[in-house]
Amino acid sequence: MRRVSVFGATGSVGQNTIDLIARRPEDFEVVVLTGGRNIGLLAEQAQQLGAEFAVTAHTELLPDLQAALAGSGTKATAGREALLAAADIPTDWAMVSVVGFAGLEISLRVAEQARVLALANKESLVCGGTLLKSVCIRHETTLLPVDSEHSAIFQCINGQDKVVERIILTASGGPFLNASLEHMAKATPEQAVAHPNWDMGQRISIDSASMFNKAMELIETYAFFDVRADQIEVIIHPQSIIHSMVGYTDGALMAHLGPPDMRAPIGFALNWPERADLPVERLDFGTLGALTFQHPDTNRFPAIALAEQVMARGGLSGAVFNAAKEQALDLFLDRRIGFLDMARIVEKTLESTQIEGQDSAPNLDAITQADNMARARAVELSKDINV
Ligand code: NAD
Ligand code: MG
């Protein structure tokens with residue numbers, strides 16, 4: 001039996017993780033499950049899997065969680081401190097699928113105790129990649145990427161990292177792949193959230209429409225794999241069947257293919273270092289027809305160029321980038337700014353947030369401070385924008 005925890009169990013990645021764990025009750029002992037406001041789902045998951053602890057991020061929801069778990073044997077706790085304490089409980093395998101910057105500190109705490117940290121929270125690598133990797137090395141924790149592209153790259157590299165020439169990150173292009181700038185300027189959150197291929201949480205879906213998700217993934221690739229920024233390319237592949245590719249010094253390319261189903265990368269991380277049966281659809285190439293590719297339009301999707309700036313600057317600029325992007329997304333969801341304004345705000349925040357003299361390997365305090373500064377700056381900048 002392996003002791004496993006899932007942080008962010010009620011989200012899109014979390015529910016897929018629970019689905020895989022629930023299929024093999026004889027293999028897993030569930031320690032901690034965490035969630036946010038969806039108390040009903042969290043309690044249901046905890047009861048189904050017989051979890052030791054269920055934790056909601058919201059203190060005021062503790063009575064509801066306690067009531068929902070009465071008589072079940074699962075202990076209910078709540079609030080940020082309870083979440084971090086739960087992250088300290090020893091496990092063999094832990095998934096961090098919390099969304100946003102809130103995931104970084106959880107990842108850092110999990111990295112101190114887990115044997116394997118399965119990481120879906122890309123913000124951890126974008127904001128604190130150097131720090132997180134150093135904690136993993138110090139505690140002999142294996143860090144496995146769960147983002148589908150990074151899982152694909154990891155599987156393609158398969159230990160041959162010394163002879164990698166380039167990494168080709170595929171992007172679906174999202175719902176606005178062929179939309180005009182005029183259409184994008186007027187896009188609503190409802191239009192932006194409708195991803196053509198992947199069924200994901202609200203925030204990452206909108207980030208896919210703006211290609212901020214791909215920008216985050218560029219930085220994530222740079223943080224996770226041992227390559228230079230100029231070795232990473234982005235290519236649009238609207239069918240989302242090739243999840244990414246790795247090119248070697250002999251010109252050979254390895255690609256990872258599969259249906260767009262997050263249970264594939266989650267299951268790979270769950271079964272690592274073995275491979276085991278997964279309930280994912282098998283591809284039929286005759287039915288698939290053509291796989292197509294095109295270069296991203298940097299004019300309509302400026303996020304990619306902003307990620308290149310971040311990789312060149314390093315240090316705290318990933319934290320500034322992510323915070324500005326998260327803040328801009330909140331403003332867009334509140335309909336205070338337009339869809340294209342998100343990139344404008346991130347660009348200006350990067351330009352004008354003072355993080356000079358920054359450390360190349362910042363600690364959590366420095367990262368948190370940069371995050372706070374960038375959020376405040378992004379709000380300030382948004383006041384000059386009229387929707
Ligand atoms: P989601 O919004 O569906 O779920 C987020 C989870 O985090 C929920 O359980 C929620 O309760 C919890 N949460 C939210 N804010 C929190 C906070 N402040 N403190 C503690 N818990 C909090 O998100 P998702 O789509 O599952 O994405 C999760 C992470 O995985 C993100 O970083 C995302 O970028 C990444 N990711 C998601 C997908 C996908 O298919 N959804 C694919 C690749 C990577
Ligand atoms: Mg991805």
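A donor here is an N, O or S atom within 2.8 Å of the metal, and because water is not among the atoms, a site may look incomplete. Keep that in mind as we walk through this structure, which is a predicted model.

Let's start at the metal. The magnesium ion (ligand 2) takes its protein donors from Asp 147 (OD), Glu 149 (OE) and Glu 217 (OE), and they lie 2.1 to 2.2 Å from the ion. Written along the sequence, the spacing of these donor residues reads D-x1-E-x67-E. So where do Asp 147 and Glu 217 sit in the chain? Asp 147 belongs to the loop between β7 and α7 (148-157), while Glu 217 is in helix α11 (residues 212-224). The two are 70 residues apart, so this pair links distant parts of the chain. Are these two donor residues buried or exposed? Asp 147 has 7% relative accessibility and counts as buried. Glu 217, at 1% relative accessibility, is buried as well. The cut-off behind that word is under 20% relative accessible area.

From the loop after β7, step back into the sheet. Seven strands make up an open sheet, and if you read across it the order is β4-β3-β2-β1-β5-β6-β7, with parallel pairing. Which strands stand at the edges? They are β4 (75-78) and β7 (142-145); each has a single partner strand, so one side of each has no neighbour in the sheet. Going from one strand to the next, the twist averages 15°.

For a look at one pairing, take β2 (residues 28-35) and β3 (residues 53-56): they run parallel and are joined by four bridges. Within this pair, Gly 35 of the chain stands opposite Thr 56 in β3. Helix α12 (residues 263-271) packs on the sheet, where it touches β1 (2-7), β2, β5 (93-96), β6 (116-119) and β7. The direction of α12 makes about 155° with that of β5.

Last stop: the cysteines. A disulfide is a covalent bond between the sulfur atoms of two cysteines. How many disulfides does a search of the whole structure find? Zero. Take Cys 127: the closest cysteine sulfur is in Cys 136, and at 16 Å it is too far for a bond. For scale, the cut-off for a disulfide is a pair of sulfur atoms within 2.5 Å. Turn it around and Cys 136 is in no disulfide either, with the sulfur of Cys 127 as its nearest, 16 Å away. Both residues are tucked under the burial cut-off: Cys 127 is buried at 3% relative accessibility, and Cys 136 is buried with a relative accessible area of 4%.

Terms used
Residues are numbered from 1 along each chain as its sequence is written. Chains are lettered from A and ligands numbered from 1 in the order in which they are written. This is a predicted model: local features need pLDDT of at least 70, side-chain atom pairs count only at pLDDT 80 or more; totals for chains, interfaces and linings use all residues. Side-chain values use heavy atoms; hydrogens and water are left out. Two strands pair if DSSP finds at least two bridges between them. Axes are lines fitted to C-alpha atoms, for helices over the stretch in contact, and angles run from 0 to 180 degrees between N-to-C directions. Contact means heavy atoms within 4.5 Å. Buried means under 20% relative accessible area, exposed over 50%, partly exposed in between (1.4 Å probe, protein chains only). Donors are N, O and S atoms within 2.8 Å of the metal (3.2 Å for Na, K and Ca); water is not among the atoms, so sites may look incomplete.
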